[in-house]
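Biologist: Please take me through a single part of this model, starting from one side chain and its surroundings, and then set it beside a few other places that deserve a look. Keep it plain.

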Amino acid sequence: MPIEADAGAWWKEAVVYQIYPRSFRDADGDGIGDLRGITEKLDYLAELGVDIVWLCPVCASPNVDNGYDVSDYRAIAPEFGTMEDFDRLVAEMRARGLKLMMDLVFNHSSDQHPWFRSARASKDSPYRDYYLWRDAPNDWRAVFGGSAWTRNEPTGDWYCHLFAPGQPDLNWENPALRRELYDVMRFWAGKGVAGFRLDVISFISKQPFDTPQAGVHFEFYANGPKVHLYLQEMRREVLAPLGVMSVGEAPGVSAQDAPLYVAAERGELDMIFHFDHAGLDRMPDDFWRPAPWRLSDLKDILIRWDRALAGRGWNSLYLGNHDLPRLLSRFGDTGAHRRAAATLFATMLLTLRGTPYIYQGDEIGMINTPFEAIGEFRDIVARNGWAAALAEGRAEHEFLAEHMQVSRDHARTPMQWDASRHGGFTSGTPWIRTNPDYAVTNVAAERADPGSVYHHYRRMIALRKATPALVHGDFVPVDAGNPDIFAYVRALDDVLLLVMLNVSAAAVDIGDLGRDGMMVTGNYDGHGRVLRPFEARVLRMAEEPGDYASPACSINEVDPAYMGLER
Ligand code: NOJ
């Protein structure tokens, strides 16, 4: 794709860093992360080299689902600070060349939102039609367990909630509701916000109420008949005039359907997050139960999504977020090969085609927390899951063993800044337990060690920024059927980069693959015909043998020390 055609699509060249504000840094000692804490750490983010910071929801919320249940779309949650703190955060970000992406939860509100409080009190409320009401429930199931309908005592009918009862779904059929939501976007854009992450945006248009559903399948909720009409309207009314970028969370959207959401000529979203690899290690009929995964499936998914969007739209890339256990514990190694695995996934994330999203703590190689009892979990998914397991007569240790593999709380333990108490996250008592691993894995230790995971992320971010082929180049899988190795080429003009990733703890003979290449960067010293456990290599391939008699090439010139060429 010619680069000129991308003018204005600055977010294609950007690297995003996702912050879970509750767990990032607590400046006021109440045990909950806050906006001032984030401001304190902006130099760290600037040093890492990211461009956009995605903040998980910071609006007022009763926290049934940690901010994904909003009671006031224009107010900052008091536990996170004030609107002045927010304005200062934006100003300090701007001073460092960082952009802010807000997380907007528009599929549902909180049941404490004034709209819902009014709507539930009377059938005559002007806000009644902002929500979805039925005289009787149907068989739809909620993502967090139980029925998707709750009876509303004052009016005797039932309201729809695809998540918790405290998260009533908004009725997008109502144009007045849509106008309110667009105004909220204008409000935040007016404060200097550069982009929006739109929570479960694929769910906003509902299937007809008589559509039967068994179990919890994201495909059922997603792609309702009017979703594209709504998104096109949103683009026309707000996203385009405001000039903000957008990424929609899109569970239930297949690679095949993805261009409908992100092809530029459709005028909908800039990017979506798919769930294909989020569900890779889950039972097909229950997202909250673990299942084994295979590298070949992960490769298939990544390749399928690239192909589906190639030349048609733009991909978003993530390997971890606040809804998933830690990347290294899921797909990598938490023992002898931990550093290698962490740096391998950094290499993967930053060399695939699409905008990379780094989840807080992955850049220092954080891993799952050894929760010891159900009572230590904070997530509504754990609490509801345990209540259901109890009702089925299951033992605590059995539920715990299973939930440990899927818990969202693994991603929500405090960010590990240093080796002091609670990892330097708070001077008080953290709202969720700290991973004891902070004593060895923390930002201070990682920054001090040039061979660390953190420095590898920095190198890879710098390499990506200095290498148009890694952003705009073609993506061509190599030896796609190989069960241990994920290899691909990124190519633009005369630059041809070969990425080789051994996503396994075994040594793998790669024969002559990459033999003529010049090492750009890697996570081990030296390179022979065997890829060591979790070894990652990026090689610049010669167009003609012998092209590298002269070491100078565009990549070298950026920063030879950074690019690992001295190894
Ligand atoms: C997706 C969010 O990422 C998740 O954290 C939340 O629980 C659900 N949407 C419901 O808002």
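Modeller: The place to start is Gln360, where a polar atom of the side chain lies 2.7 Å from the backbone nitrogen of Tyr20. The model is predicted, so local features need pLDDT of at least 70 and side-chain atom pairs pLDDT 80 or more, while totals for chains, interfaces and linings use all residues. Residues are numbered from 1 along each chain as its sequence is written, and side-chain values use heavy atoms, without hydrogens or water.

Gln360 sits in the loop that joins strand 15 (355-359) to helix 12 (380-391); helices (H or I, at least four residues) and strands (E, at least two) are DSSP runs numbered from the N terminus. Gln360 counts as buried because its relative accessibility is 1%, the class being under 20%, with exposed over 50% and partly exposed in between (1.4 Å probe, protein chains only). Beyond residues up to four places away in sequence, Gln360 touches Tyr17, Gln18, Ile19, Tyr20, Ser23, Phe24, Arg326 and Met415, where contact means heavy atoms within 4.5 Å.

Arg25 belongs to the loop between strand 1 (16-19) and helix 1 (35-40). Arg25 also counts as buried, because its relative accessibility is 16%. Its side chain is placed against two backbone oxygens: a polar atom of that side chain is 3.0 Å from the oxygen of Gly424, and the side chain reaches the oxygen of Phe425 at 3.1 Å. Both Gly424 and Phe425 recur among the residues that Arg25 touches, sequence neighbours up to four places away left out. That list also includes Gly33, Asp34, Gly37, Ile38, Glu40 and Lys41, as well as Trp417 and Thr426.

The ligand has 13 residues around it, each with a heavy atom within 4 Å. Asp65, Asp199, His322, Asp323 and Arg408 are the closest of them. For Asp65, a side-chain N or O atom is 2.5 Å from a ligand oxygen. For Asp199, the distance from a polar side-chain atom to an oxygen of the ligand is 2.7 Å. Glu249 has a side-chain N or O atom 3.4 Å from a ligand oxygen. On its own the ligand exposes 290 Å², and the protein buries 98% of that (Shrake-Rupley method, 1.4 Å probe).

Two backbone angles are also worth checking on screen. Asn63 is not a glycine, yet its phi is positive, at about 65°. The loop that holds Asn63 runs between strand 3 (59-60) and strand 4 (72-76). Asn63 is classed as partly exposed because its relative accessibility is 22%. Asp479, again a residue other than glycine, has a positive phi near 50°. The loop with Asp479 connects strand 16 (474-478) and strand 17 (485-492). With a relative accessibility of 47%, Asp479 therefore counts as partly exposed.

The last stop is Leu513, in the loop between strand 19 (508-509) and strand 20 (518-522). Leu513 counts as partly exposed because its relative accessibility is 26%. Its contacts, apart from neighbours within four places in sequence, are Val478, Ala487, Leu498 and Met500. Ala387 lies 126 residues away from Leu513 along the chain, and the C-alpha atoms of the two are separated by 52 Å.

Terms used
Polar contact = N/O pair within 3.5 Å; in protein donor to acceptor, adjacent residues only side chain to side chain.
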